[in-house]
Amino acid sequence: MTSLRAHFFTWIIRWQVRPKIARAGGDVAAIRRVMNQGGFPDLPGIAFRDGEVGGVPGEWAERPGLAPDAPRLLYLHGGGFIACSPRTHRPFTGGFAARGFRVFCPDYRLAPEHPFPAALDDAAACWSAFAAAGPAGIAGDSAGGNLALALMLRARRDGLPQPQAAVLFSPSTDMLGQGASMRTNARRDAMFDPTKLQHLVDLYLAGHDPADPLASPLYGDPAGLPPLLFHVGEREVLRDDSVRFADKARAAGVDAAVKLWPVVPHVWQLAHSFVPEGRRSLSEAAAFLKEHARAPEAAR
């Protein structure tokens, strides 16, 4: 049963956030003002510190006293490719750290100042060094979920290790926007008007082919990817970006699962300090990653 807090949080997003994003149009500064707003407290007992991996700056999150063999996670933050940072996404990185992970979140370059493939280049440089230190998982939300999937396709191409497993929270996988949910959920989505999302795509791609699998992972070959877990709201316009990718991955022999969550808005996990569905999503994701961290054969 969906919590009352989930209903209330969704109402806030619909009436406070969605109109601001819609009014911003293609104004980068305005979009960043909306998306960079904080409001969620850091989890107590979690240490956040600046760092650098593979020449890419970012932020570590971990619980003090963590065992040396604690599972490691590379987390790629969302923000439409043009906004947000490791700091805005501490609810995610801190949430995983509280569940026993040593987490690094790269502060990858953002469009339009640094369009495609700058963010992916940073993610790949970071992953190359991160994976060299030992097996690890990958997770990301929204645009960060896109980067996580594109990164795995690129890692396969370049002969880099695959993660042990990956968790994708409401990822964007299709820059062409061909999913049926772009239409059927156009009014149901609490955060996004799908007609406005094209601005973000244009800012990120800067004329690059939207069907390139490294921009739209849905159009790549998922064969050989590690186990994947997708969490997405059933009312989201991006719902079918997860559903279609998981279907394609399973057809290619990949262990891929999708969980559709009722009522909740896009990346509701950011509000896990208030919304119990956010805590449950993070706990299920952490359990999935730990399960495959304990199974060496899951890493490919």
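Ala, Val, Leu, Ile, Met, Phe, Trp, Tyr, Cys and Pro count as nonpolar here, Asp, Glu, Lys and Arg as charged, and the others, Gly among them, as polar. With those classes in hand, the pockets of this predicted model can be sorted by what lines them. Take the second largest pocket, with its volume of about 180 Å³. Its lining splits into 5 nonpolar, 1 polar and 4 charged residues. The residues in question are Pro68, Asp69, Ala70, Pro71, Arg72, Pro135, Gln164, Lys290, Ala293 and Arg294.

The largest pocket holds about 900 Å³ of space. It is lined by 44 residues, and Met35, Met191, Phe192, His266 and Val267 are the ones closest to its centre. Four elements each give two or more residues to this lining: helix 1 (4–24), helix 2 (28–35), helix 3 (90–98) and helix 7 (194–205). Helix 1 chips in the most, with 7 residues. Sorted by class, the lining of the largest pocket comes out as 24 nonpolar, 14 polar and 6 charged residues.

Next come the closed spaces. The model has 2 cavities of 30 Å³ or more. The largest cavity offers about 70 Å³ of space, and its lining is made up of Ile21, Ala22, Gly25, Ile31, Phe192, Asp193, Lys196, Leu197, His199 and Leu200. Helix 1 and helix 7 are the elements that each supply two or more of these residues, and helix 7 has the largest share, with 4. By class, there are 6 nonpolar, 2 polar and 2 charged residues around the largest cavity. Phe192 turns up in this lining, and it is also one of the residues closest to the centre of the largest pocket.

The second largest cavity has about 30 Å³ of space. Around it sit Pro71, Arg72, Phe101, Ala136, Gly137, Gln164, Ala165, Leu289 and Ala293, which divide into 6 nonpolar, 2 polar and 1 charged. Some of these names are familiar: Pro71, Arg72, Gln164 and Ala293 line the second largest pocket too.

What about the nonpolar interior? The largest nonpolar core has 75 residues, and those with the most contacts inside it are Trp127, Leu151, Tyr204 and Leu228. Helix 5 (residues 143–158) supplies the largest share of this core, 9 residues. Trp127 itself touches Leu74, Ala136, Gly137, Ile138, Leu151, Ala155, Pro161, Gln162 and Pro163, leaving aside residues up to four places away in sequence. Apart from all this there is a second, separate core of 23 residues, with Phe48, Leu282, Phe288 and Leu289 among them.

Helix 3 deserves a closer look. Of its 9 residues, 8 are buried, so the helix is largely enclosed by the rest of the structure. Those buried residues are Arg90, Pro91, Phe92, Thr93, Gly94, Gly95, Phe96 and Ala97. Just past the end of helix 3, Gly100 takes a positive phi of about 100 degrees.

Helix 3 also brings in the aromatic rings. A search of the whole structure turns up 15 aromatic pairs. In one of them, the ring centres of Phe96 and Phe169 are 6.3 Å apart and the planes meet at 40 degrees, so the pair is tilted; that label covers angles that are neither under 30 degrees nor over 60. The two partners come from distant parts of the chain, with Phe96 in helix 3 and Phe169 in strand 6 (residues 166–169), 73 residues apart. Are these two residues buried or exposed? Phe96 has a relative accessible area of 0% and is buried, and Phe169, at 0% relative accessibility, counts as buried as well; the cut-off for buried is under 20%. Both belong to one aromatic cluster, made up of Tyr75, Phe92, Phe96, Phe101 and Phe169.

Last comes a loop residue, Val237. It is found in the loop between strand 7 (228–233) and helix 8 (239–251). With a relative accessible area of 0%, Val237 is buried. Its contacts, not counting residues up to four places away in sequence, are Ser181, Met182, Asn185, Ala186, Asp189, Phe192, Pro194 and Leu197. Two of these contacts, Phe192 and Leu197, also line the largest cavity. Val237 and Met191 lie 9.1 Å apart in space, C-alpha to C-alpha, though 46 residues separate them in sequence.

How values were computed: Residues are numbered from 1 along each chain as its sequence is written. This is a predicted model: local features need pLDDT of at least 70, side-chain atom pairs count only at pLDDT 80 or more; totals for chains, interfaces and linings use all residues. Side-chain values use heavy atoms; hydrogens and water are left out. On a 1 Å grid over the protein atoms alone, a cavity is a set of points where a 1.4 Å probe fits but cannot get out, and a pocket is an open set with protein on both sides within 12 Å along at least five of seven lines; lining residues have an atom within 4 Å of a point. Grid points are joined across faces, edges and corners, and a volume is the space filled by probe spheres set on the points. Buried means under 20% relative accessible area, exposed over 50%, partly exposed in between (1.4 Å probe, protein chains only). A nonpolar core is a set of buried Ala, Val, Leu, Ile, Met, Phe, Trp, Tyr and Cys residues joined through side-chain atoms within 4.5 Å. Contact means heavy atoms within 4.5 Å. Rings of Phe, Tyr and Trp (its six-membered ring) pair if their centres lie within 6.5 Å; planes under 30 degrees apart count as stacked, over 60 as edge-to-face and the rest as tilted.
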